[in-house]
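Biologist: I should like a close look at a single part of this model. Please explain the surroundings of one residue carefully, as for a student in the first year.

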Amino acid sequence: MRPLRWKSRYRTGDPESDRGNRAFLDCLNRLISTAGQREHCREMEEFIGQFSAEAEEALEEHPTGRDLRREFGRRLLASLPLAPYGGTACRKCGLCDLARQEIAEHLNPPAECLFEK
């Protein structure tokens, strides 16, 4: 999985929104990076791929005033753990647990990076 790059076309014209959106992208990239360092299930790979594509699409929409970190954080939290968790297909990579813990902390003020470690 490749990290996402901040592109000038993601700019909204609102410096505060741009900072938040860029921070969101950086946090998502930390999850991608962590996943790249651990053996994980196929579902996690698909999940991260789908989630990254949706994040890029949201950034393309120039979401001025839209808190992507909180919005996508809640969606991540609702999606985890993935179906293989604890079963025979689970690789015990820890990504489901790590993501849930970080997201829960993220949704409580102050909102920091989802996957900062």
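Modeller: Two residues are in contact when heavy atoms of theirs lie within 4.5 Å. The model considered here is a predicted one. With residues up to four places away in sequence set aside, Leu28 touches Leu4, Phe51, Ser52 and Ala55.

One of these partners, Ser52, deserves a closer description. Ser52 belongs to helix α2, which covers residues 42-60. Its relative accessible area is 3%, and because buried means under 20%, Ser52 is counted as buried. Apart from neighbours within four places in sequence, Ser52 has contacts with Met1, Leu4, Leu28 and Ile32. Leu4 is thus listed for Ser52 and also for Leu28.

Leu28 also has a place in the largest nonpolar core, which has 27 residues. Leu28, Met44, Phe47, Ile48, Phe72 and Leu80 are the residues with the most contacts inside this core. Two or more core residues are given by each of the helices α1 (15-36), α2, α3 (68-79) and α4 (95-106). Helix α2 supplies the largest share, seven residues.

The cysteines may be considered last. The count of disulfides is zero. For Cys90, the nearest cysteine sulfur is that of Cys93, 6.4 Å away; because a disulfide requires sulfur atoms within 2.5 Å, Cys90 is in no disulfide. Cys90 is nevertheless buried, with a relative accessible area of 19%. Cys96 is likewise in no disulfide, and the nearest cysteine sulfur, again that of Cys93, is 6.1 Å away. Cys96 counts as buried at 8% relative accessibility.

Definitions and conventions. Residues are numbered from 1 along each chain as its sequence is written. This is a predicted model: local features need pLDDT of at least 70, side-chain atom pairs count only at pLDDT 80 or more; totals for chains, interfaces and linings use all residues. Side-chain values use heavy atoms; hydrogens and water are left out. Helices (H or I, at least four residues) and strands (E, at least two) are DSSP runs, numbered from the N terminus. Buried means under 20% relative accessible area, exposed over 50%, partly exposed in between (1.4 Å probe, protein chains only). A nonpolar core is a set of buried Ala, Val, Leu, Ile, Met, Phe, Trp, Tyr and Cys residues joined through side-chain atoms within 4.5 Å.
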